[in-house]
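Trainee: I'd like a close look at one part of this model, taken slowly. Could you walk me through it once I have it on screen?

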Amino acid sequence: MSDYTPVPNFIRNIIAEDLKNNKNDGQVITRFPPEPNGYLHIGHAKSICLNFTLAAENNGRCHLRFDDTNPSKEDVEYTDSIQRDVKWLGFDWGEHLYYASDYFEQLYEYAETLIKEGKAYVCDLSAEEIREYRGTLTQPGKNSPYRERTVDENLDLFRRMRAGEFPDGSRVLRAKIDMSSPNLNMRDPVIYRILRATHHRTGDEWCIYPMYDYAHPLSDALEMITHSICTLEFEDHRPLYDWFLEQLPVPSNPQQIEFARLNLTYTVMSKRKLLQLVEGGFVAGWDDPRMPTIAGLRRLGYTPESIRDFCERIGVAKSNSTVDIALLEHCLREDLNKRAPRKMAVLRPLKVVIENYPEDQVEELEAINNPEDPSMGTRKIPFSKVIYIEEDDFREDPPRKFYRLAPGREVRLRYGYFIKCTDVIKDENGEIIELRCTYDPETRGGSAPDGRRVKATLHWVSASHAHPAEVRLYDHLFTTEDPGAEEDFKSCLNPDSLEVLTSCLVEPSLKGAALESKYQFERQGYFCLDPDSTAEKLVFNRTVSLRDTWAKIQKKLKK
RNA sequence: UGGGGCGUAGCCAAGUGGUAAGGCACGGGACUUUGACUCCCGCAUGCGUUGGUUCGAAUCCAACCGCCCCAGCCA
């Protein structure tokens, strides 16, 4: 149905080559392996899209596997939110939902196998001692004094570790590899630690837990994963990943491939920093519309389609990069432009009385729901003597290139009439509080039979029919492109990232707005109903503004 | 000073020896009952640098430079 051609990237190339060589019997099985210790963000979306798309393109499948090997940081709140977010993005793991904790028994048995073959040993060194023995980047490490324990002793000790005979942190199981390896990961890495923490799935069944480096390759192999895609920082771990697969009788031989994680301008992406924002109260929660989390983007009004399109457009490579958030916003506008019904909403109302319009008359004017899609039909909008227009659409002393309403000037009210400003009414402080205009009855619908033209078309609402609403205007969370580079990233939080407008007026048809449905408020941007809405009070979030040439011109004029 | 990676436009990114795709951003124009959308035009004699191989190099070789990651009983 579409002419969609995937953009080549190095991982697609590797898979194409593997398929050509009939590697893995032509199978492509990937996995998305989050640790349930936080909410998913747009960076995870890149990985999710990559893994699920690669599998789908090759008639394979993608597993969702929780990498839950550290119970001290994990929680079901996160396994729940992660599943919700992956589904919302539009991906389906089918029957293939797994947990590393499902493999704890098998992983334990593999560990005994390593011990029996003299490839792992129980080490009694303290954490600090292990660090000292590990050496440095430039100096080799030295062997642990416990490195040469007998198989029987190791087996006995390891079983007693599992049985809970030793206190937390007193001993670990280590792989016996090479303390002089230039790759620190190969210097007898810890593969099991004693940790008494209640696991969100296995409860108190275990007091020893496997480390990521050990559990990950084996979990992949047990699931018959063919391509295990992870981020760049794990490149150094690949030799260890392969080492475990070589040493143990695993059912398959997955290949680890690393790509560059996503960075976006004007935001932070590390789970640690996002956690700080939530816990420090700098945002309202993981789903605060300013957060780069999937939950936050969803609440802001992003569509899954736009995020998927974005993830495809940014490409996949191995160089560290920071994508301009303007690209994300572009993908959103492109999607919403095609689909969002148009509405009229006045954010900062300015009263306009049309003096020559009959006092009690109300007309129903026909408006197009979406000029990009005629099948979306039309609707009626009430028009009457008193209306509101946008404050910004009137200037008493119009600057150069301002062609909206001004004294004596004529403009069009969208789908309505041409009006001309005849008088400006101010309060005692000199603030403009009302405009007096006249309308031309011949211009109903918005065009003049005499062919005369106006430069501007304004949106408006009828005073007696409009519905009150609150509108939340969001902007980037940070004022600098790379807040992560700052001493304290919180120092460049944008004080204007949220502006709440409480006296907005929206057209009556918005009264029945549904949660998560998107609208374009004409000439302003895309908006969606926020869950904070009540029957009394509608609350809309501005997802993204429309491109604004006038704003650009103003900026230029100021210079 | 060890090891692993990466350098193509302001930001992403394709390119795998035959003469620099595409997108975003930016600038100009057309159209316009959204200053939106859409459309058109422009935007790297150049691929980190310097040498070399070749009829021909972003692609191969060498040296150098710059940036990122690694010393958790985190993932």
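Trainee: Which residues are buried in helix α11 (residues 304-313)?

Mentor: Keep in mind that this is a predicted model. In α11, the buried residues are Pro304, Ser306, Ile307, Phe310 and Cys311. They sit on the same side of α11, because the arc they cover around the axis is only 165 degrees. Now turn to what covers those buried residues: the cover includes the helices α2 (42-57), α3 (76-89), α10 (294-300) and α12, along with the strands β10 (262-264) and β11. Just past the helix, α11 is followed by Gly315, and the phi of Gly315 is positive, near 80 degrees.

Two of those covering elements, β11 and α12, bring us to the RNA. Start with Ser319: one of its polar side-chain atoms lies 3.5 Å from a phosphate oxygen of RNA strand B. Both β11 (321-323) and α12 (325-339) give two or more residues to the surface near that strand, and so do α5 (127-133), β6 (190-194) and α13 (549-558). The largest share comes from α13, with 5 residues.

The bases get some attention too. A polar backbone atom of Leu125 is 3.0 Å from a base nitrogen of RNA strand B, and for a polar backbone atom of Gly169 the distance to a base nitrogen is 3.1 Å. Still, 67% of the strand's atoms within 4 Å of the protein belong to sugar or phosphate, the rest to bases. As for the make-up of that surface, you'll find 26 nonpolar, 21 polar and 24 charged residues.

Definitions and conventions:
Residues numbered from 1 in each chain as written. Chains lettered and ligands numbered in written order. Predicted model: local features only at pLDDT ≥ 70, side-chain atom pairs only at ≥ 80, totals over all residues. Heavy atoms only, no water. Near = heavy atom within 4 Å. Polar contact = N/O pair within 3.5 Å; in protein donor to acceptor, adjacent residues only side chain to side chain. Helix = DSSP H or I, 4+ residues; strand = E, 2+ residues; numbered from the N terminus. Nonpolar A, V, L, I, M, F, W, Y, C, P; charged D, E, K, R; others polar. Buried < 20%, exposed > 50% of the residue type's maximum accessible area, 1.4 Å probe, protein only. Arc of directions from axis to C-beta. Contact = heavy atoms within 4.5 Å.
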